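Work through the exercises below with the sequence and the model side by side. Try each task before you read its solution.

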Amino acid sequence: MDTVELARFLIGKTLVHDLPHVRLSGRIVETEAYLVGDAACHAFRGVTPRNRTLFLERGHAYVYFIYGNHFMLNVSGQREGIGEGILLRGLEPLEGIDWMQLHRAEKPSRRGRGNRSADSADKKAAPLTELSRGPGRLAAALRITRSLDGVDLCAKGPLWLGTEAKPTGEIGVSVRIGIRVEAHRLLRFYERGNPFVSGPRRLNS
DNA sequence: CGGCTGATGATCT
DNA sequence: GATCATCAGCCGG
């Protein structure tokens, strides 16, 4: 299975983050593949301190921080030494939804630190469909931080991938979102009609 | 809903 | 110093 096949395979699978007090989980409904020779891929210019986990064997987490605000979760997609990966962009919440809402209200600097009240005071609760729609929200809801960079998602541990929780619908394909280079490649995959898929409507037909 | 803008800091050149 | 795989808030249609 190559990285594109894995990107499609991951749609409908369960992503789980076990915290000491609660299990957070959801169905993956949107992914994007980033490949060798792809200028939009973080591995394009070779190994650096930031992207080294993208070169781990298929199924490891590559977590990075961007725009001063957001973590992104990727799954490495190739054999060790080859930098390809899959960005997880949309999640349909299953377990721990009330906790996810709290995590969304926390600032990144306070996230992953067991602080549950300071930042979440009187914010109006967003609609459920916005909870984990988009890569930044997904990571925030599941409390994914840099400390999970490099973990094996197929092994016993705090963050792991499970089997599908219910039948997976039809998979749509589109260009990737939010990149300036290689913007024409059809490497985004999503479950058609699922409200937890991000992006403009025109890409989600 | 779609389009625009500012926030915010790590990373690499 | 420029860039960036984003988001919330705001505005117009």
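**Exercise 1. A charged pair in two loops**

Task: Find out whether Arg-143 is buried or exposed, and name the residue with which its side chain meets in a salt bridge.

Solution.
Step 1. Arg-143 has a relative accessible area of 9%, so it is buried. Buried means under 20% relative accessible area, exposed over 50%, and partly exposed in between (1.4 Å probe, protein chains only).
Step 2. Its partner is Glu-106, at 2.8 Å from N to O. A salt bridge needs a side-chain nitrogen of Lys or Arg within 4 Å of a carboxyl oxygen of Asp or Glu.
Step 3. The two residues sit in distant parts of the chain, 37 residues apart. Arg-143 lies in the loop between α3 (135-141) and β6 (159-162), and Glu-106 in the loop between α2 (97-105) and α3. Helices (H or I, at least four residues) and strands (E, at least two) are DSSP runs, numbered from the N terminus.
Step 4. Check Glu-106 too: at 5% relative accessibility, Glu-106 is buried.

Two notes before you go on. This is a predicted model: local features need pLDDT of at least 70, side-chain atom pairs count only at pLDDT 80 or more, and totals for chains, interfaces and linings use all residues. Residues are numbered from 1 along each chain as its sequence is written, chains are lettered from A and ligands numbered from 1 in the order in which they are written, and side-chain values use heavy atoms, leaving out hydrogens and water.

**Exercise 2. More salt bridges**

Task: State how many salt bridges the structure holds, and say which residues are linked with Arg-27 in a network.

Solution.
Step 1. The count is 11 salt bridges.
Step 2. Arg-27 pairs with Glu-92 at 2.8 Å, N to O. This pair joins strand β2 (residues 23-34), home of Arg-27, to strand β5 (residues 85-95), home of Glu-92, across 65 residues.
Step 3. Both Arg-27 and Glu-92 are buried.
Step 4. The network also takes in Lys-166 and Glu-191.
Step 5. Now look at Arg-23 and Asp-18, whose closest N and O atoms are 2.6 Å apart in a salt bridge. Arg-23 is partly exposed, at 36% relative accessibility. Asp-18 is partly exposed as well, at 24%.

**Exercise 3. The nonpolar core**

Task: Which residues touch the most other members of the largest nonpolar core?

Solution.
Step 1. Recall the term: a nonpolar core is a set of buried Ala, Val, Leu, Ile, Met, Phe, Trp, Tyr and Cys residues joined through side-chain atoms within 4.5 Å.
Step 2. This core has 34 residues, and the answer is Leu-10, Leu-15, Leu-73, Leu-88, Leu-142, Ile-144 and Leu-159.
Step 3. Elements giving two or more residues to this core include α1 (3-10), β3 (61-66) and β4 (70-76).
Step 4. Take Ile-144. Beyond its neighbours within four places in sequence, Ile-144 is in contact (heavy atoms within 4.5 Å) with His-17, Val-63, Phe-71, Leu-73, Ala-139 and Leu-159.

**Exercise 4. One helix**

Task: Which residues of α1 are buried, and why do they count as being on the same side?

Solution.
Step 1. Thr-3, Leu-6, Ala-7 and Leu-10 are buried in α1.
Step 2. They cover an arc of only 105 degrees around the axis, so they lie on the same side of α1. The arc is that of the directions from the helix axis to the C-beta atoms.
Step 3. Their cover includes β2, β4, β5, β6 and β8 (188-191).
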